[in-house]
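Good morning, and thank you for the time. I would ask everyone to look at the sequence and the model together while I speak.

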Amino acid sequence: MKTLLRLLAATALLVAGSFLVPSPGPATAAAAVGVPGCRNADLHARYRATDNGAGHRYGKIVLTNVSTHSCRTGGFGGLSYVGGGDGTQIGAPATREGTATSFVLAPGQRAVSRVDEVVADLYDAATCRPRAVDGFRVYVPNATRSQFIAHRTRGCLNPAVHLISHTAYRKVG
């Protein structure tokens with residue numbers, strides 16, 4: 001019985017720990033005091049392809065602080081395919097992976113989110129319902145307005161087919 005209780009307690013700690021967001025260290029926390037959150041206009045989004053393999057395309061969304069002030073950001077934004085020449089969402093939004101953290105970006109500094117795209121042609125056409133994709137709709141963390149990044153590919157109209165995943169933003173450097 002004691003062994004079972006220890007196992008249950010250890011499992012509970014592991015599960016609880018997987019949802020915790022690490023606290024910033026003292027220096028980071030002190031630097032973040034009074035720093036405003038990054039707004040959509042403060043950050044410029046772009047996509048950079050990095051690799052292909054086994055039915056996947058890999059890349060990253062790069063956010064650059066284009067403002068004249070430091071701002072606080074981090075965590076997840078929104079990411080989805082859009083098409084139709086009018087920004088209509090194509091299929092399911094990106095699945096989020098990883099643990100979110102908060103950080104400060106000085107002017108010119110960058111943050112990245114790694115992107116994994118599954119090739120739509122791997123799915124049966126009747127299940128996928130393929131459509132041309134014009135690009136990504138990107139919401140920077142905590143923003144309600146989006147940015148468009150041209151990225152021509154094929155997506156699936158079926159929202160049950162999840163083609164895109166991305167990680168929480170991390171500061172570069």
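**Strands, disulfides and core**

Let me begin with one pairing: β9 pairs with strand β10, residues 147-156, in the antiparallel sense over eight bridges. Within this pairing, valine 133 stands opposite threonine 153 of β10. Please keep in mind that this is a predicted model.

Strand β9, residues 130-139, also pairs with strand β4, residues 78-83. That pairing is antiparallel too, over five bridges. Here tyrosine 81 has phenylalanine 136 of β9 as its bridge partner. As a general remark, side chains in a regular strand alternate between the two faces of the sheet.

For the overall inventory, the protein has three helices and twelve strands. Of its 173 residues, 39% are buried. Among contacts between residues at least 6 apart in sequence, 76% join residues at least 24 apart. The accessible surface comes to about 9800 Å², and carbon and sulfur atoms account for 58% of that surface.

I turn now to the disulfides. How many disulfides does a search of the whole structure find? The search finds two. With bonded cysteines counted along the chain, they follow the pattern 1-2, 3-4.

One disulfide joins cysteine 38 and cysteine 71, with the sulfur atoms 2.0 Å apart. This pair links distant parts of the chain, 33 residues apart: cysteine 38 is in the loop between α2 and β1, and cysteine 71 is in strand β3, residues 71-74. The torsion about the S-S bond is about 85°, so this disulfide is right-handed. Cysteine 38 and cysteine 71 are both buried.

The other disulfide is formed by cysteine 128 and cysteine 156, whose sulfur atoms are also 2.0 Å apart. Its S-S torsion is about -95°, so the disulfide is left-handed. Cysteine 128 lies in helix α3, residues 125-128, and cysteine 156 in strand β10, so the pair ties together parts that are 28 residues apart in sequence. Both cysteine 128 and cysteine 156 are buried.

Next, the interior. The largest nonpolar core has 29 residues. Which residues have the most contacts inside this core? They are Ile61, Leu79, Phe136, Val138, Leu163 and Ile164. The strands β1, β2, β4, β7, β8, β9 and β10 each supply at least two residues of the core. In general terms, nonpolar side chains in soluble globular proteins tend to be buried together.

Leucine 79 deserves a separate word. Leaving aside residues up to four places away in sequence, leucine 79 touches Ile61, Pro93, Ala94, Val115, Phe136, Arg137, Val138, Ile164 and His166. Phe136, one of these neighbours, is the bridge partner of tyrosine 81 that I mentioned earlier.

Is glycine 85 buried or exposed? Glycine 85 sits in the loop between β4 and β5. Its relative accessible area is 70%, so it is exposed. The C-alpha atoms of glycine 85 and glycine 135 are separated by 9.6 Å, while the two residues are 50 apart along the chain.

Finally, a word on confidence. The mean pLDDT of the protein is 86, and 81% of its residues reach 70 or more. Over residues 1-30, however, pLDDT stays under 50. For that stretch the model has eight contacts beyond four places in sequence. Where pLDDT is low, the predicted coordinates should not be read in detail.

Key:
Residues numbered from 1 in each chain as written. Predicted model: local features only at pLDDT ≥ 70, side-chain atom pairs only at ≥ 80, totals over all residues. Heavy atoms only, no water. Pairing = 2+ DSSP bridges. Helix = DSSP H or I, 4+ residues; strand = E, 2+ residues; numbered from the N terminus. Disulfide = S-S within 2.5 Å. Buried < 20%, exposed > 50% of the residue type's maximum accessible area, 1.4 Å probe, protein only. Core = buried A, V, L, I, M, F, W, Y, C linked by side-chain atoms within 4.5 Å. Contact = heavy atoms within 4.5 Å. pLDDT = per-residue confidence, 0-100. Areas by Shrake-Rupley, 256 points an atom, 1.4 Å probe, with all protein chains shown as cover.
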